[in-house]
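Here's a quick briefing to read with the structure open beside you. Take a look at the fold before going through the points below.

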Amino acid sequence: MVDYSDDELLQLSGIQHFAFCRRQWALIYIEQQWQENILTYYGRELHERADDPFLTEARGTVVITRSMPVISRQLGLYGVADVVEFYRDEVGITIKGRTGFWRPHPVEYKLGQPKPDDRDQVQLCAQAICLEEMLGVSINAGSLFYGRIRRRQPVEFDIALRKRVFALAAEMHELFQQGITPPAEYSPACKSCSLIEICLPAPRAKKSIRRYLAEALKE
Ligand code: SF4
């Protein structure tokens, strides 16, 4: 496996968009004209999350680190992990100023509810792969916390999920190098897409043409 260089690194957060829709990812990360929408989108997310920059706190047998920068040369991705909890365990890493070993457990916070696809699991697993590479430790599981239902869901980082993450990351790099934005293809997922107004997938475009013709005929 070839390590990616600094110049080739892509944003880890993009993998959730890529898993959801290649075109959505390309509109955000390849095409600059959508920047304002993206800043609005992420601005809202960040504001509502209100996470503290790189804060560490300890509660009994768990040490919690927030907004931890992460990177994987194998995936060619970098980003920020919302929360990484370190549980005292027999296996794990050492933490400066603390005795024993600590097992990392990434937690990603989402505002909404669980999705019908695996984009959140993919993002969390990519974070785990980054942490494994950075810390030299195996991480078998993490959690997704959904604000709407105020509950955590466990995520197991099994071989199938890891393979999917590596395949998606490789495809992201390929598409990014080519600078290609895939064409819009309408699917049920478009109804929940935050970029539908600027993407204009086919049925919406057809509808507006129909509406245009109907209005033209009335005149
Ligand atoms: S509207 Fe549909 S095709 Fe367009 S970016 Fe969103 S999900 Fe993808």
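**Helix α5 and its surroundings**

Let's start with helix α5, which covers residues 159–178, so to speak a run of 20 residues. From its first C-alpha to its last it reaches 29 Å, close to the 28 Å expected at 1.5 Å a residue. Keep in mind that you're looking at a predicted model.

**More on α5**

- Quite a few α5 residues are tucked away: L161, R162, V165, L168, A169, M172, H173 and L175 are buried.
- What do the buried residues of α5 pack against? Their partners are the strands β1 (10–11), β4 (77–89) and β7 (151–156), plus the helices α1 (14–20), α2 (22–29) and α4 (119–135).
- Just after α5 you'll run into G179, which takes a positive phi of about 65°.

**Helix α2, one of those partners**

- α2 is mostly covered, with seven of its eight residues buried.
- Here's the list of buried residues in α2: R23, Q24, W25, A26, L27, I28 and Y29.

**Q127 in helix α4**

- Find Q127 in helix α4. Is Q127 buried or exposed? Its relative accessible area is 0%, and buried means under 20%, so Q127 counts as buried.
- The Q127 side chain isn't without a polar partner: it makes a polar contact with the side chain of E108, at 2.8 Å.
- Leaving aside neighbours within four places in sequence, Q127 is in contact with L12, V80, A81, P106 and E108.

**Around the ligand**

- Which residues come nearest to the ligand? Of the nine residues around it, they are C21, Q24, C190, C193 and C199. You've already met Q24, as one of the buried residues in α2.
- Sorted by class, the shell around the ligand has seven nonpolar residues, one polar and one charged.
- Both domains chip in: domain 1 (6–181) and domain 2 (183–219) each supply at least three residues of the shell.

**The whole chain**

- Zoom out and you can count seven helices and seven strands.
- Reading along the sequence, you get the pattern β-α-α-α-β-β-β-β-α-β-β-α-α-α.
- The chain has 219 residues, and 41% of them count as buried.
- How much of the contact in the chain links residues 24 or more positions apart? Among contacts with a separation of 6 or more, such pairs account for 59%.

Notes. Residues numbered from 1 in each chain as written. Predicted model: local features only at pLDDT ≥ 70, side-chain atom pairs only at ≥ 80, totals over all residues. Heavy atoms only, no water. Near = heavy atom within 4 Å. Nonpolar A, V, L, I, M, F, W, Y, C, P; charged D, E, K, R; others polar. Domains from an automatic or database assignment. Helix = DSSP H or I, 4+ residues; strand = E, 2+ residues; numbered from the N terminus. Expected span 1.5 Å × (residues − 1). Buried < 20%, exposed > 50% of the residue type's maximum accessible area, 1.4 Å probe, protein only. Contact = heavy atoms within 4.5 Å. Polar contact = N/O pair within 3.5 Å; in protein donor to acceptor, adjacent residues only side chain to side chain.
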